[in-house]
Amino acid sequence: MLTPSRLALARRRRGLSAGGLARAVGMSAGSVGDYERGRRQPDARRTAVLAEALGFPVGFLEAPDEDELPAEAVAFRAAGRVPAVRRDAAVAAGRLAIGVNRWLERTFSVPAPDVPTLEHPDPETAAEMVRARWGLGAGVAPNMVHLLEAHGVRVFSLPVDCAEVDAFSFRHAGTPYVFLNPTTSAERGRFDAAHELGHLVLHANSRPADAEKQANAFAGAFLMPRAGVLASVPRGPVTGQVLDHRAHWRVSALALTYRLRDLGLLSAEQYGVVCAELSRRGFRVAEPDGITAREGSLLLAKVFRALRERGTTPQQVARELLLDGAELDSLLFGLVVTVLPGARRTSTPQGRLSLVR
């Protein structure tokens, strides 16, 4: 028996309107609307046609309701530039990830959430408070995906068909989630992770008009702490020195330049000169000679290594989750593959992960 909300979830995940789905399967828009509202039930043949068109197993459409995720609960970084249908597809991906996380927590012991909500301090102070809570001192932030995972944040990949959303985050049932765009540079990926952490810390209960600006300020302060930068970067650095220090702090050249201006290490005139030089060298569209590999997931690497050791394949996991392999891959793309072969060691303390069944 088809679950109405599951049909709507699958349709939105595919970025389709009810009319678009109706045209794709040769049914009337009224029939699709009736199925989604529970007014009528399709027969088995029609359910199979809908499932095939949407790329989900029939079992997915007949499973119990999946948890709702209100659109206002999601912090979209580029909401104003993204069509509603793409935002709906991203929210649908988030709901699928909740199901993946439910399986993860049912199967393994994973780190408990440890992300404070700090709505009153300014972003700079909030970033310093989180760094202190997590024992990071004033040095370079380690692998940001590992760091978030170690503190109970579930990090997933933003499906490529939703890439224009850029990145987003939300909390659900007390668990923080972050979705990262796998197509950006490694430096941008680190900044996005810190930016979404800023939303989780600063905007748990309200979303001010300048929320994106606040999250950017939090990310800059978290990745380039005031004390560490002031102690290591000379006043008035030239472009070559900025590039040397961006490698140390593992951030983009422009992000470091903005931070140096905010910390008073670059005057307005010096800031303009460095930005112009970086633009001339192409740093506004890429990160030449930057970090070569994006940061991946240690948690998911451990999960799939443990599954492999007991003979469970990713395809079997997908079937248990009532997803096809491509859908599961889209939530993990760029997070596991970059870690499994020759993963770089990190000094970040990791929570214990062990099989519970």
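Before I begin, let me fix one term: a residue is called buried when its relative accessible area is under 20%, with a 1.4 Å probe and protein chains only. What we have in front of us is a predicted model, and I would like to talk through its aromatic rings and the charges that sit over some of them.

By that cut-off Phe-218, at 0% relative accessibility, counts as buried, and Phe-222, also listed at 0%, counts as buried too. These two phenylalanines both belong to helix H10, which spans residues 211–223, and they are four residues apart, or about one turn of the helix.

The structure holds 11 aromatic pairs in total. In one of them, Trp-103 and Phe-108, the ring centres are 6.2 Å apart and the planes meet at 75°, which is over the 60 degrees required, so we call this pair edge-to-face. Both partners are buried, Trp-103 at 4% relative accessibility and Phe-108 at 2%. Coming back to helix H10, the rings of Phe-218 and Phe-222 have their centres 5.8 Å apart, and because their planes are at 15°, under the 30 degree limit, that pair counts as stacked.

Phe-222 has a further neighbour, since the charged end of Arg-131 sits over its ring, 5.6 Å from the centre. Which residue, then, lies over the face of Tyr-271? That is Arg-261, at 4.4 Å from the ring centre.

Finally, please look at Phe-156, Phe-168, Phe-170, Tyr-177 and Phe-179, which ring pairs link into a cluster.

Terms used: Residues are numbered from 1 along each chain as its sequence is written. This is a predicted model: local features need pLDDT of at least 70, side-chain atom pairs count only at pLDDT 80 or more; totals for chains, interfaces and linings use all residues. Side-chain values use heavy atoms; hydrogens and water are left out. Rings of Phe, Tyr and Trp (its six-membered ring) pair if their centres lie within 6.5 Å; planes under 30 degrees apart count as stacked, over 60 as edge-to-face and the rest as tilted. Buried means under 20% relative accessible area, exposed over 50%, partly exposed in between (1.4 Å probe, protein chains only). A charge sits over a ring if NZ of Lys or CZ of Arg is within 6 Å of the ring centre and within 35 degrees of the ring normal.
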